[in-house]
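The following report looks at backbone geometry and strand pairing in one protein chain. It is meant to be read alongside the sequence and the coordinates.

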Amino acid sequence: MTVYFEDLKIGDFAEYAKTITEADILMFVAVSGDDNPVHINQEYAEQTMFGGRIAHGMLSAGLISCVLGTRLPGPGTIYLSQSTRFKAPVKIGQTVTARATVAELDPAKKRVKFTTQCFVAGNVILDGESLVIAPSRPE
């Protein structure tokens, strides 16, 4: 369900949670072309600072798109920009919770700035901000 620009308030937020699977990583490789061995080769990944395979950072960042496009504001939202800082890796089997919180509203342009974060077990693994055009209530 769409939350129209006119109904948004500073502090409103929405979340989406997903447990990252082997299939998610392999599908992300297929779609993005990013076959970095730290994501798909256990022997290689064991020799890195992570000690094993990790999910693509952009896979977690993509969950923010789910929040904005399906929950808040929801269908009809147009993504304009995203800044992202990766804080910690995500391993297969971990659940990532993406959260977007309304930080600023620009009524003249129907733009909304969100603070964005992803968490694993309550720890921030990604933070940043998004700018979107929110759908307006039909007249």
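## Backbone geometry and strand pairing

A121 counts as exposed, because its relative accessibility is 73% and the cut-off for that class is over 50%. The model discussed here is a predicted one, and the values below should be read with that in mind. Although A121 is not a glycine, it has a positive phi of about 50°, and it is found in the loop between β4 and β5 (123-133). These two strands form a hairpin with two residues between them, and A121 lies in its turn.

A second residue with a positive phi is K110, which is likewise not a glycine and has a phi near 60°. K110 is placed in the loop between β3 (95-106) and β4 (111-120), and the hairpin formed by those two strands has four residues between them. How accessible is K110, in terms of relative accessible area? The value is 27%, so K110 is classed as partly exposed, since that class lies between the 20% limit for buried residues and the 50% limit for exposed ones.

Another backbone feature concerns a peptide bond: the one leading from L72 to P73 is cis, with omega near 0°. P73 is found in the loop that runs between α4 (57-70) and β2 (78-86).

The strands on either side of these loops can now be considered by their pairing, which is set out below with one residue pair for each strand pair.

| Strand pair | Sense and bridges | Residue pair |
|---|---|---|
| β3 and β4 | antiparallel, ten bridges | V102 opposite F114 in β4 |
| β4 and β5 | antiparallel, ten bridges | F119 opposite V124 in β5 |
| β2 and β5 | antiparallel, eight bridges | Q82 with S130 in β5 |

Which strand does β5 pair with, apart from its hairpin partner β4? It is β2, to which β5 is joined by eight bridges in the antiparallel sense, so that β5 has pairings with both β4 and β2 under the criterion of at least two bridges between strands. Similarly, β4 is joined to β3 over ten bridges and to β5 over ten bridges. A further residue pair that involves β5 is that of K113, which stands opposite L131.

When the residue pairs are inspected in the coordinates, one general point is useful: in a regular strand, side chains alternate between the two faces of the sheet.

Key: Residues are numbered from 1 along each chain as its sequence is written. This is a predicted model: local features need pLDDT of at least 70, side-chain atom pairs count only at pLDDT 80 or more; totals for chains, interfaces and linings use all residues. Side-chain values use heavy atoms; hydrogens and water are left out. Buried means under 20% relative accessible area, exposed over 50%, partly exposed in between (1.4 Å probe, protein chains only).
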